[in-house]
Each structure stands twice: as C-alpha cells, then as structure tokens.
Amino acid sequence: MRPAPTILHLDMDAFYAAAEQAAKPSLRGKPVIVGGIGPRGVVATASYEARVFGVRSAMPTAQARRLCPNAAYLSPRFTLYRHVSETVMELLHTLSPLVEPLSLDEAFVDLEAGGVPPETAAVRAVGERLRRDIREATGLTGSVGLAGAKMLAKIASEAAKPNGLVVIEPGTERELLGPMTVRTLPGVGPATAETLRRAGIHTVAETAEAGEAELVRLLGKAHGAGLYAMALGQDDRPVVAERDAKSISVEDTFEVDLTDRTRVRTEVLRLADRCVQRLRAAGRSGRTVVIKVRNYDFSTLTRSETLRGPTDDPAVIREAAVRLLETVDTTGGVRLLGVGVSGLADFTQEDLFAQIATEREAAELARAAAETAGDETVGEEVEGGRPRRWHPGVDVVHEEFGAGWVQGSGVGRVTVRFETPWSAPGRVRTFAVDDPALRPGEPLPLVGGGPEAAQSSDPAILPKSLSPEPEPSASSEGSEPVSGAEMSSR
C-alpha cells in the first residue's frame with residue numbers, strides 16, 4: 001500500500017452512449033441505449049438519461065425497451081469508440097509510462113512512475129487536468145479516482161461518476177469501505193455474495209470482522225485470503241503496462257434458434273474465419289481451439305482441442321472447430337455460437353495433424369459459408385459495396401444531403417437524420433433501402449470537424465441532477481436487428 005494516492009483510475013462516463021450523443025446533436029440530453037437491438041440483444045451501455053428508467057448494462061434489450069420505450073436504440077460503432085479510446089490513452093501516456101488499459105474506456109495509471117510528487121494536492125491537480133484534456137480532445141467526460149491501491153482507485157472513480165474526481169486518502173480505507181456492500185470488492189460476484197449472505201456477511205466491515213479463517217472455510221484458501229486482504233483495504237497489485245491477451249474469440253447470438261445441423265456447421269465455419277482474422281490482426285497464433293454453444297434452454301457448453309503447435313491457418317482452425325461441433329448435440333436448437341483460440345504465441349508451427357482441406361477446398365468452404373449465411377448473419381455486412389441492412393445508428397452519406405445516420409429501417413425503407421457532431425439537430429428523410437444515392441459512411445470526428453466544432457466540446461452527458469427531462473427520441477422500432485457481438489479478448 002502506498003503512502004500517497006498516486007494510482008489513478010479513469011473510467012469514461014457511459015462511454016458508448018456518450019459518444020453517440022456527442023456525434024448526434026438530436027440525441028443530446030435524451031435516453032440513448034447502445035447494444036444488440038434484436039429481440040435477443042443485450043445492452044452494452046445506457047446513457048444517464050436512460051438509467052433514470054432503470055436501464056443498465058448487460059440487461060436484455062427486450063427488457064430495456066419495456067422500461068424505456070422512447071429511447072434511441074443504436075447499434076455499436078466500434079470504429080468510432082476505438083478512435084476516441086486511442087485519443088484518451090495517448091493522454092494517459094503523457095502522464096506516465098505505466099498505463100494499464102482494462103477496456104476501451106477504462107485504465108489505471110501509475111502517477112508515481114510518471115514523476116508526479118507523492119502529494120495529494122499534486123495528484124489531484126493531475127487528475128483535474130486530465131479531465132479537462134479529455135473533454136477538449138474528445139468532447140466526452142470521464143471520472144477519475146485516486147488512491148494508494150488499484151482496488152481503491154477504481155472504487156473512487158465509481159463514486160466520482162459522472163464527470164467527477166474522488167481522492168481516497170491513505171489511512172481512511174477501512175472507514176470508507178466498511179459500510180459498502182461486499183459486491184464492491186473485486187472478485188465478489190453473485191455466487192460469492194450469496195455464499196457470504198448465507199453466512200450473515202453483507203458489508204465489507206462484516207467481511208473483515210469474519211476473519212481470514214472463516215472466509216477461507218467459506219470460499220477456499222486463495223479466494224478467502226484475497227478477499228480478507230481487500231476487506232482491510234489492502235491491495236498491492238502493481239499497474240502493469242502490458243496486459244497480454246489470453247485468448248481471441250468471436251461469438252454470435254441468433255434471432256431464431258438454429259436447428260438445421262448444416263446451418264450450425266456453416267455458422268461455426270464463418271466464426272472460425274472471423275476469429276482467424278482477429279488472430280492475424282493481432283499478429284498472434286494459438287494452439288487451443290475452443291467452441292462455445294448456448295442451447296435453446298440457455299445451457300452453455302464449451303469444447304476445446306489442443307493442437308501440437310500454435311497456428312493461424314484458417315483451414316486448421318476451421319477443421320478443429322467442426323470436429324468439436326460434432327461432439328455437441330444441437331438438435332434442440334442453438335441460440336449462440338462462439339469460436340476462440342487460446343494458448344497464444346507470436347509464431348506459427350506447421351500443423352502435424354492430417355488435415356482434410358487443401359487451399360482450394362478451404363476457399364470453397366469459405367465461399368459456401370458466405371453463401372449459406374445469407375442475410376441472417378452479422379458477419380456478412382456488405383454485398384456489392386452496399387450493406388444488406390441499415391442498422392440504426394450507423395453512418396451514411398447521401399449524394400444530395402451529405403452525412404447523416406440511420407434512425408431506423410424496415411419494410412423496404414430507411415430513415416436517415418442528416419446532422420454532424422458540430423451541426424444543429426438535423427432533418428429526417430426517408431429513402432428506399434436500395435436508393436443508389438445512399439451509401440455507408442465513416443464516423444466523423446467528435447470535435448474539430450467543422451466551423452461550429454466548439455459546440456461538440458460540451459459534455460455529452462450531465463449529472464442526473466442537471467440532465468433535462470427525457471424526451472421521446474428516435475427509436476429503432478421496425479428496424480432490422482443485430483444478431484451478434486464479438487467476445488472480448490483478454
């Protein structure tokens with residue numbers, strides 16, 4: 001534990017939703033929900049205006065629609081989010097060489113390694129300057145926590161939300177943590193919390209009072225001992241600049257359960273190809289192929305096969321995935337499929353198994369997968385240079401009206417709102433889905449993109465007490481749903 005609060009935790013506020021509000025002037029101050037928009041979709045991020053209605057991350061989209069029917073439901077635009085994240089991470093690297101990203105919108109920073117004096121006033125000044133720099137560079141807001149340990153810094157940033165800064169002075173940890181629920185502590189999920197609840201342990205103070213021996217008895221040696229230390233406010237984990245990915249994987253959730261065995265196999269082949277693309281983009285190879293199958297009743301199975309050496313050969317990974325699929329009964333219906341590769345390495349080795357596919361056969365398999373997948377898969381986004389579907393929230397360009405975004409689509413029509421991050425709220429127009437003047441666009445910069453760019457430097461979200469009353473906004477009712485999302489590679 002450090003004697004000064006020199007560990008900083010940054011968490012961008014409602015990141016995906018805030019980025020969409022910053023990019024779309026008509027949605028500022030209104031409820032926005034980003035995630036899978038189909039009947040089986042899941043909320044990735046909800047704006048603070050939507051959270052007033054009880055919408056939360058990881059909630060089924062269908063439930064969110066019941067709670068907040070007038071929100072704008074948008075498909076994620078990861079190209080935009082990654083660009084903003086890169087800008088934010090560059091700002092963090094100006095503070096210290098030790099930056100540990102946890103996701104696109106969250107990171108730890110070791111300020112002591114960056115030469116910041118170990119004094120509360122100095123680290124607070126750095127945190128405030130960081131918040132101002134992020135707002136100027138991205139138009140978004142972030143919350144900052146400062147403490148002498150990573151766990152406490154994260155708790156502080158959560159307490160600072162939205163758009164705030166909290167410092168936990170060393171020596172005040174136990175007093176601060178005591179009344180908090182045990183779910184506040186890292187590693188305490190629903191199952192652990194239920195085990196502790198049955199033992200009469202509800203708060204962090206009660207966890208510390210139970211003692212290490214009792215926690216070890218309830219949770220096992222490693223988990224119990226670690227939880228006891230954290231309940232005392234003790235966390236000596238260092239900020240690690242490089243967090244090596246353990247696996248790379250992708251998955252899709254389907255709108256309708258897949259019962260046809262050929263279709264299931266085709267989807268596994270397509271997912272294997274997407275996984276290889278991500279693997280090669282990261283410059284990695286792997287030796288263990290994993291498939292994930294979630295059945296109609298939500299039961300989830302995983303199967304894995306370890307090869308003799310690491311590979312990034314699509315034919316090898318496809319064949320292994322298909323072999324694994326043959327060990328799973330899918331006759332009852334499949335709602336989700338995933339393919340992943342673990343045991344990552346920076347080199348490849350010729351596979352020594354007898355592989356069935358030559359390069360020509362592999363190409364034919366890939367072509368057959370694309371043809372069979374058709375319009376029902378998210379992996380096939382473009383055909384002949386034009387999208388098969390116009391997903392709500394995506395960028396478009398019209399030859400006459402310029403840049404805009406899809407507000408909704410269905411019944412052969414697509415509705416577009418023409419506005420940019422630096423413009424006033426724009427007009428809405430409707431076109432045929434195959435209008436030749438309408439084409440996909442690229443995300444526009446949130447700041448600095450036009451003569452009125454200063455407008456977009458206003459925070460995309462406000463504290464609840466300052467947020468305007470939610471107004472009905474463009475909903476994606478009637479739009480075509482999205483059927484999948486990539487699993488995070490950690």
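R429 is partly exposed, with a relative accessibility of 27%. In this predicted model, R429 belongs to strand β18, which covers residues 427–432. Twelve residues separate R429 from R417 in sequence, and their C-alpha atoms lie 6.4 Å apart in space. When neighbours within four places in sequence are left aside, the contacts of R429 are F401, V414, T415, V416 and F418.

## Two buried residues

T45 is located in strand β3, residues 43–46. The relative accessible area of T45 is 9%, so the residue is classed as buried, the limit being under 20%. With neighbours within four places in sequence set aside, T45 is in contact with A14, F15, Y16, A17, V32, I33, V34, R51 and S57.

S157 sits in helix α6, which spans residues 150–160. S157 is likewise buried, at a relative accessible area of 1%. Apart from neighbours within four places in sequence, the residues in contact with S157 are H9, D11, S143, V144 and G145.

## A nonpolar surface patch

V52, F53 and L67 together make a nonpolar patch of about 260 Å² on the surface. Within this group, F53 is placed in the loop that links α2 (48–51) to α3 (61–67). F53 has a relative accessibility of 36% and is therefore counted as partly exposed.

## The sheet of β9 to β12 and its helices

An open sheet is formed by four strands, ordered β9-β12-β10-β11, with antiparallel pairing. Its edges are β9 (247–258) and β11 (300–311), each of which pairs on one side only. On average, and with direction ignored, neighbouring strands of the sheet are turned by 10 degrees against each other.

The pairing of β10 and β11 can be followed residue by residue. Strand β10 comprises residues 285–295 and pairs with β11 in the antiparallel sense through eight bridges. Among the bridge partners, V293 is matched with L301 in β11, and T288 is matched with T306 in β11. The hairpin of these two strands has four residues between them, and F298 in this hairpin adopts a positive phi near 75 degrees.

Two helices lie across strands of this sheet. Helix α12, residues 261–281, lies across β9, β10, β11 and β12 (334–345) and runs at about 150 degrees to β9. Helix α13, residues 314–325, lies across β10, β11 and β12, and its direction is at about 145 degrees to β11.

## Salt bridges

The model contains 23 salt bridges when side-chain nitrogens of Lys or Arg are required to lie within 4 Å of a carboxyl oxygen of Asp or Glu. Three of these pairs are listed below.

| Pair | Closest N to O distance |
|---|---|
| K150 and E100 | 2.8 Å |
| R237 and D235 | 2.9 Å |
| D312 and R280 | 3.7 Å |

K150 and E100 form a salt bridge with 2.8 Å between the closest N and O atoms. K150 is in helix α6 and E100 is in strand β5 (residues 99–103), so this pair ties together parts 50 residues apart in sequence. K150 is buried at 4% relative accessibility, and E100 is buried at 6%.

The partners in the salt bridge between R237 and D235 fall into separate accessibility classes. How accessible is R237? R237 has a relative accessible area of 36% and is partly exposed, whereas D235, at 6%, is buried.

For the salt bridge of D312 with R280, the closest N and O atoms are 3.7 Å apart. D312 occupies the loop between β11 and α13, while R280 is in helix α12, so the pair ties together parts that are 32 residues apart in sequence. R280 is partly exposed, its relative accessible area being 46%. Shared partners also join salt bridges into one network of D252, R263, E267, R270 and R274.

Definitions and conventions:
Residues are numbered from 1 along each chain as its sequence is written. This is a predicted model: local features need pLDDT of at least 70, side-chain atom pairs count only at pLDDT 80 or more; totals for chains, interfaces and linings use all residues. Side-chain values use heavy atoms; hydrogens and water are left out. Patches are made of residues with over 30% relative accessible area and no salt bridge: like charges are joined within 9 Å, nonpolar side chains (Val, Leu, Ile, Met, Phe, Trp, Tyr) within 5 Å. Accessible areas come from the Shrake-Rupley method with a 1.4 Å probe; for residues, only the protein chains shown count as cover. Buried means under 20% relative accessible area, exposed over 50%, partly exposed in between (1.4 Å probe, protein chains only). Two strands pair if DSSP finds at least two bridges between them. Axes are lines fitted to C-alpha atoms, for helices over the stretch in contact, and angles run from 0 to 180 degrees between N-to-C directions. Contact means heavy atoms within 4.5 Å.
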